[in-house]
Amino acid sequence: MIHKVTILYFIVCNMNIIIVGGGTAGWMTATTLLSEFPNKKITLVESPNISNIGVGESTVAGGQSGFQGIANWLNLVGINDLDFMPHCDSIYKLSIAFKDWYRKDSGTFHYPFGQPRVLPNIGLDDWYFKKIFFPQASPTSDYANNFFPGMVLVNQNKSLFTDSFNSNSDHSELNEINDEVQLHSRYSYQFDATKFGIWLKDNYCNKFSNFTHILGEVEKASLDDNGIKYLILDDGRRLKADLFIDCTGFKSLLLKEFDVPFIHIDNYLTNNLAWATKIPYKDPETQIVNYTNCTAIDNGWVWEIPLWSRMGAGYVFSDEFVTKGHALCEFKAELQKKGYEDVEELDYHLISMRCGIHSKLWVKNTCAIGLSAGFIEPLQSNGLHCTYQFLFNLCRILERDHVSEWDRKEFTTKCHDDYYGFAATVVTNYALSHRDDSKYWREIQNKKWPEELFSPNCNDLSGKFHQAYRDRQFNNQFNSYSPVHILAAGMNWNPTDVHSIKYGGGNLDIMKKIAFIHAMKLEERQKNWKNQIKDFPSPYQYLKKNIHES
């Protein structure tokens, strides 16, 4: 008897790849494949009828426990930031600020980029000893200020870059002692995501002879045993490919053809909507700051993303606790509280969010990148992170001479690992909060967190959260930096305390004296950092002179 055998692998050397969907994810995918695989034929099919809101995109930097940032992707594809920044309303970003997350009116703590700078014999634990023995002198902001030199730039509203120092300079002559701030501060970008996609199309993708851009609506996908046989466009054209990449956003137009289950994470994160708007500057000199601001309010949180020409702002919330109309009123009230004028004259757009990830991200000859694969929520500026990290994972798979079911599973597993790792950090912001000033926050206080959060299963969000939970249990272990340490400092979830010191047999009097000496050294270093940047321009001044009006 002869059995029919379905071939579920394909050769990738001269592969024909079709990307469905434009937007940032689609154009970043095209850029990546054109950069890394010049022998493949790349086609991007984009609907001419989809409008983009362009609320602003905030990105994150790499360098934290193997964590990769947007600069890693730019380096992969060989794009110079000075090329795209003038065309995308872009500015540099050094940190993320969290206001009133621990309690209402509890103040602001920062999540700066890069690795902490420790002194000889003075590690990250010394800040906690300072907090224990000198609590009045150790606000939550003190942790970041002590160990991250970039924070002096944030606090003084100074630019990391100067006329003699920019992101593409040869920094070999910098002095470790006198230039520590510039040497060891890390940065990412804030830009208009719509303009960034257009720039990639016009200035990168369209220059390749093996690239084709098609405007058209995908009306139907014809399937066979190997996956999608061809796509049918609204004008009747049929498009065939070896690999189809779904970049159609929350619709997941291609992946849904395979009935792939979607794993919702609403048992961890309940927000599902966001109001967004664009705010003109009154005083860009002071309003353009080098960080994203995230303010917790009654039923969610408000973002502020400064771009070159305007401020992008939004309110992330759940309609389980507040109506869309009332949420808009809350948003406007918060903007007025922050000093913005004419809020009634602004245009507001409602954005629906689908939070979760598909159980499979590569099925037969179709894979998903960007929102079509999964989304967490906007906190921690994670939107593009899953796009470029998933693209890196895709490149590693396509580098092999063919794609098998093992490769598809490996892609999904690695992408899930990246996704859940970032999601665990986002969840921690909510889980550690002690706000109880509204039903929304009281529900979070009393949330019945899944029991698996506290079990060592590392294959999903529970496992990632468990890792953070276990890190906290091992007192005074600061050998490797984790974002959890920043959240611990801001949310009073410290890995050590006076009870742990006494329980461990520590001499409080001696440790208090040592903490005082170390605190003086750390404060002296802060003064040195401040002196290093006293003549630096403001972010606005540097951007105006060197990027946007040069």
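A residue is classed as buried when its relative accessible area is under 20%, as exposed when that area is over 50%, and as partly exposed in between. The legends below apply these terms to a predicted model.

**View 1. A salt bridge joins Asp437 and Arg435.** The side chains of the two residues approach to 2.7 Å, N to O. Arg435 has a relative accessibility of 2% and is therefore buried. Asp437, at 28%, counts as partly exposed.

**View 2. Arg117, Glu180 and Arg525 belong to one network of salt bridges with shared partners.** Within the network, the closest N and O atoms of Arg117 and Glu180 are 3.1 Å apart. Arg117 is located in the loop between strand 7 and helix 4 (125-133), and Glu180 in helix 7 (residues 180-184), so this contact ties together parts separated by 63 residues in sequence. Glu180 is buried, with a relative accessible area of 9%, whereas Arg117 is partly exposed at 22%. Across the whole structure, 15 salt bridges are found.

**View 3. Asp192 and Arg310 form a salt bridge between a loop and a strand.** The N to O distance is 3.1 Å. Because Asp192 lies in the loop between strand 8 (188-191) and helix 8 (193-203) while Arg310 lies in strand 18 (residues 310-317), the pair connects parts that are 118 residues apart in sequence. Asp192 is buried, its relative accessible area being 6%. Arg310 is likewise buried, at 9%.

**View 4. Trp101 and Tyr430 are among the partners in the 32 aromatic pairs of the model.** Their rings adopt an edge-to-face arrangement, with 5.2 Å from centre to centre and 80° between the planes. The pair links distant parts of the chain, 329 residues apart: Trp101 belongs to the loop between strand 6 (95-99) and strand 7 (108-112), and Tyr430 to helix 12 (residues 405-431). Trp101 has 0% relative accessibility and is therefore buried. Tyr430, at 3%, is also buried.

**View 5. Tyr315 and Phe317 form a tilted aromatic pair.** The ring centres are 5.5 Å apart and the planes meet at 40°. Tyr315 is buried, with a relative accessibility of 0%, and Phe317 is buried with a relative accessible area of 0%.

**View 6. Ring pairs connect a cluster of aromatic residues.** The cluster contains three groups of side chains by residue name: Trp73 and Trp199; Phe84, Phe161, Phe191 and Phe196; and Tyr92, Tyr187, Tyr189 and Tyr542.

**View 7. A patch of negative charge occupies part of the surface.** Asp266, Asp319, Glu320 and Glu443 make up this patch. Glu443 is situated in helix 13 (residues 439-445), and its relative accessibility of 40% places it in the partly exposed class.

**View 8. A patch of positive charge is formed on the surface by lysine and arginine side chains.** Its members are Lys220, Lys229, Arg238 and Lys240. Lys240 lies in the loop between strand 12 (238-239) and strand 13 (243-246). With a relative accessibility of 56%, Lys240 is classed as exposed.

**View 9. Glu399 and Glu36 are separated by 363 residues in sequence but by 9.1 Å in space, C-alpha to C-alpha.** Glu399 is placed in the loop between helix 11 (385-398) and strand 24 (402-403). At 60% relative accessibility, Glu399 is exposed.

Methods:
Residues numbered from 1 in each chain as written. Predicted model: local features only at pLDDT ≥ 70, side-chain atom pairs only at ≥ 80, totals over all residues. Heavy atoms only, no water. Patch = residues over 30% accessible without salt bridge, like charges linked within 9 Å, V, L, I, M, F, W, Y side chains within 5 Å. Areas by Shrake-Rupley, 256 points an atom, 1.4 Å probe, with all protein chains shown as cover. Salt bridge = Lys/Arg side-chain N within 4 Å of Asp/Glu carboxyl O. Lys, Arg positive; Asp, Glu negative; His and termini not counted. Charge placed at Lys NZ, Arg CZ, Asp CG, Glu CD. Helix = DSSP H or I, 4+ residues; strand = E, 2+ residues; numbered from the N terminus. Buried < 20%, exposed > 50% of the residue type's maximum accessible area, 1.4 Å probe, protein only. Phe/Tyr/Trp six-rings, centres within 6.5 Å; stacked < 30°, edge-to-face > 60°.
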